[in-house]
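Biologist: Could you take one part of this model and go through it closely, then fill in what you can about the rest? I'd like it in plain bench language, with the cut-offs spelled out.

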Amino acid sequence: MSVLSIGLLYGAATLLVMFAGMPIAFALGFVATLFMMLFMPEASVDTITQNVYEEMASITLLSIPLFILKGAAIGRSRAGQDLYGALHAWLHRIPGGLGIANVFACGLFAAMAGSSPATCSAIGSAGIPEMRKHGYSGGFASGLIASGGTLGILLPPSITMILYAVAAEQSLGRLFLAAIGPALFLVLLFAGYSMWRFRHEFNIAKERLKTTGATSPILQVDELSARDKFALLPRVLPFVLLLTGVMVALYGGYATPSETAGLGAVLALGLIATIYGVWKPIELSPILISTLRESTMLMLIIGMSLLYSYVMSYLHISQSAAEWIVSLQLSRWILLTMILVMVVVLGFFLPPVSIILMTAPIILPPLRAANFDLIWFGVIMTIVMEMGLIHPPVGLNLFVIKNIAPDIPLRDVVWGVLPFVALMIMAVIIMCFVPEIATWFPDHVMS
Amino acid sequence: MVHGLEEAAEQDPAVPKFEAAGPFARVMGGLNRLVEISSSVALVGASFVLTYAVVTRYFLHLSTDWQDEVSVFLIVGAVFMSSAAVQARRGHVGIEAIVGLLPTRVNYVRQMLVDIATFAFCAYFAWKSLLLLQEAVVEGYRTSSTWQPPLWVPYSLMTVGMLLLSLQVLLQVITALRHSSEVR
């Protein structure tokens, strides 16, 4: 049987079992094992468990559960609400300051917790009601939080980035640094849009007041004292110090990424124990159990995705597909566009972890041949996958918003996120023209 | 995360979850609870081991060679051992795009076929893990690091974990079969 036929069969079998609803981890393992039995030497089937173990036993990959633990410890405490409250107190005088406070809080929290849904949930549970109380429309408030939450998979310690570093054999430290510039750029774009949108909604409310006399809370200005500004700082600053400390440990050469993850988890548990008094087993149990469940699910997907890629490579499917793409001799920008469109389509159905591990062997060689910087591409691909978290039909963050603000109709949420999707597309296009947004910082720090 | 998939996995299932009952279900439930607690402790333990590595290296200037591997064993062990507990709540995320469009009866059959295929894969993987474990014990396999811990430790955790997972899926198949008459 030709490689093309085997490749098509492999793809069709994967689609069939996945769309039948088989859990992704088992679907990938099932198809890989089946094809090993059918098309590979018998001895290779005997090594499946060893393969999976050896791929999973990478200390870099195993930092993932520990980063999840750090995120869960911070995410399940009141740190998110306090962070948001503190930023609100400092930014409330700026027009649209409440929205901007939410964007900044999402960015900071995402960097501390490293999780997109956790950021949405932690900042949104306080931020959405507050914005609506101040007259912001439900769609705008929810769109802002859903989009701000996506920064969780871009800012370090992003799990998506860890996997990309492993799959593309790129430096994780460099990749983490490369994400900071684009994340700040997105924060600025989101904040700028928030200001504009606030003015727009403010003007509508003012017009309505003139014509009908109906007042809106958006027209009122909050009066917060200096005391309000400083009240939450003692609770928030230690977490910001934790964020800084972890970065210093990583980039100062004191700790490897996995040690940073362990250290971050221990410090986060220590902080929630001292600041919020969360230390009893009964209080820690939900944090630990949720970490374990999420880690187990993700690590099994990762292990089986790696087995799946191994089989794809052994049967020359990935190499042939990559060679075919190269032979098309597409212009580099058309190649990039096609790959990104494919990532968007895959994002409708698959989580970023699977997208990266399943597609990396096929898409990276043509990108390398087209002289793309793979660190830069990792950031671009992550931003595109961020969009998958907020655009229909799946949009994980949309479900999180539905849970924390069930009275906002899904239609409003979807309309609310669309401008942010447009901003992300704009950011990707700008970064194609100005790649230094991503590459300058790592080049500067790591020479 | 990327992560946060747990939230997605907690969406309402397309097929009703049947309550497992009987001694098999009770034993599995108890085991899963025990494994979840010990695996959680293992994760925290791995964090402390890695923190200890940083502290000893930079403050006490001691070189260490065992921390990475202990952490790997603890985390890989926790992941495999708790996979059954995650399966018990159908927490291993899958694509549910088409599932929601199917009638209940068709969905029941689909779920049954998926569970049987999952069981076949997990049982096969558990069996292969057992063979690997046996080989590691007999041949005295060790890791290639300077510390060289025996590989039967993580292999045994992988074997037991996959065995528990297979039993959990089997329990779900049996439970669904028992409730087949309730599905219209």
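Modeller: I'll start with one helix in chain A and work outwards from there.

Before that, some housekeeping: this is a predicted model, so local features need pLDDT of at least 70 and side-chain atom pairs count only at pLDDT 80 or more, while totals for chains, interfaces and linings use all residues. Residues are numbered from 1 along each chain as its sequence is written, chains are lettered from A and ligands numbered from 1 in the order in which they are written, and side-chain values use heavy atoms, with hydrogens and water left out.

The helix is α18(A), residues 352-369. (Helices here are DSSP runs of H or I, at least four residues long, strands are E runs of at least two, and both are numbered from the N terminus.) Its 18 residues should span 26 Å at 1.5 Å a residue, and the end C-alpha atoms sit 24 Å apart, which agrees. (The expected span is 1.5 Å times one less than the number of residues.) Part of the way along there is a kink of about 65 degrees at Ala360(A), shortly before the proline Pro361(A). (That bend is the angle between two fitted axes, one through the seven residues ending there and one through the seven starting there.)

How enclosed is α18(A) by the rest of the structure? Largely so, because 13 of its 18 residues are buried. (Buried means under 20% relative accessible area, exposed over 50%, and partly exposed in between, using a 1.4 Å probe and protein chains only.)

Just after α18(A) comes Asn371(A), with a positive phi of about 65 degrees. Asn371(A) sits in the loop that leads on to α19 (374-390), and at 64% relative accessibility it counts as exposed. His316(A) also has a positive phi of about 65 degrees without being a glycine. The loop holding His316(A) runs between α15 (281-314) and α16 (317-327) of chain A, and this residue is partly exposed at 44%. One more backbone oddity in chain A: the peptide bond from Pro156(A) to Pro157(A) is cis, with omega near 0 degrees. Pro157(A) belongs to the loop between α9 (138-149) and α10 (159-168).

Next, the partner of α19(A). Helix α17(A), residues 332-347, packs against α19(A) at an angle of about 35 degrees, with the axes 9 Å apart. (Axes are lines fitted to C-alpha atoms, for helices over the stretch in contact, and angles run from 0 to 180 degrees between N-to-C directions.) The α17(A) side of the contact includes Trp333(A), Leu336(A) and Ile339(A), and the α19(A) side includes Trp376(A), Phe377(A) and Ile380(A). (Contact means heavy atoms within 4.5 Å.) The crossing of these two helices is right-handed, meaning the near helix is turned clockwise from the far one by less than a right angle, whereas anticlockwise would be left-handed.

Elsewhere in chain A, α5(A) covers residues 63-75, and its 13 residues should span 18 Å, which agrees with the 18 Å between its end C-alpha atoms. Twelve of those 13 residues are buried, among them Lys70(A) and Pro65(A). Leu177(A), in helix α11 (residues 172-212), is buried too, at 4%. Among the residues that Leu177(A) touches are Tyr251(A), Phe441(A) and Pro442(A).

What about cysteines? There are zero disulfides over all chains. Cys106(A) is in none, and the nearest cysteine sulfur, that of Cys120(A), is 6.6 Å away. (A disulfide is a pair of cysteine sulfur atoms within 2.5 Å.) Cys106(A) is buried at 1% relative accessibility, and Cys122(B) is buried at 0%.

Finally, chain B. It has six helices and zero strands, and 51% of its 184 residues are buried. Among its contacts between residues at least 6 apart in sequence, 79% join residues at least 24 apart. Leu164(B), in helix α6 (residues 152-178), is buried at 8%. Its C-alpha lies 9.2 Å from that of Phe80(B), 84 residues away in sequence. Leu164(B) touches residues including Met28(B), Leu31(B) and Met81(B).

Methods. Lists of a residue's contacts leave out its neighbours within four places in sequence.
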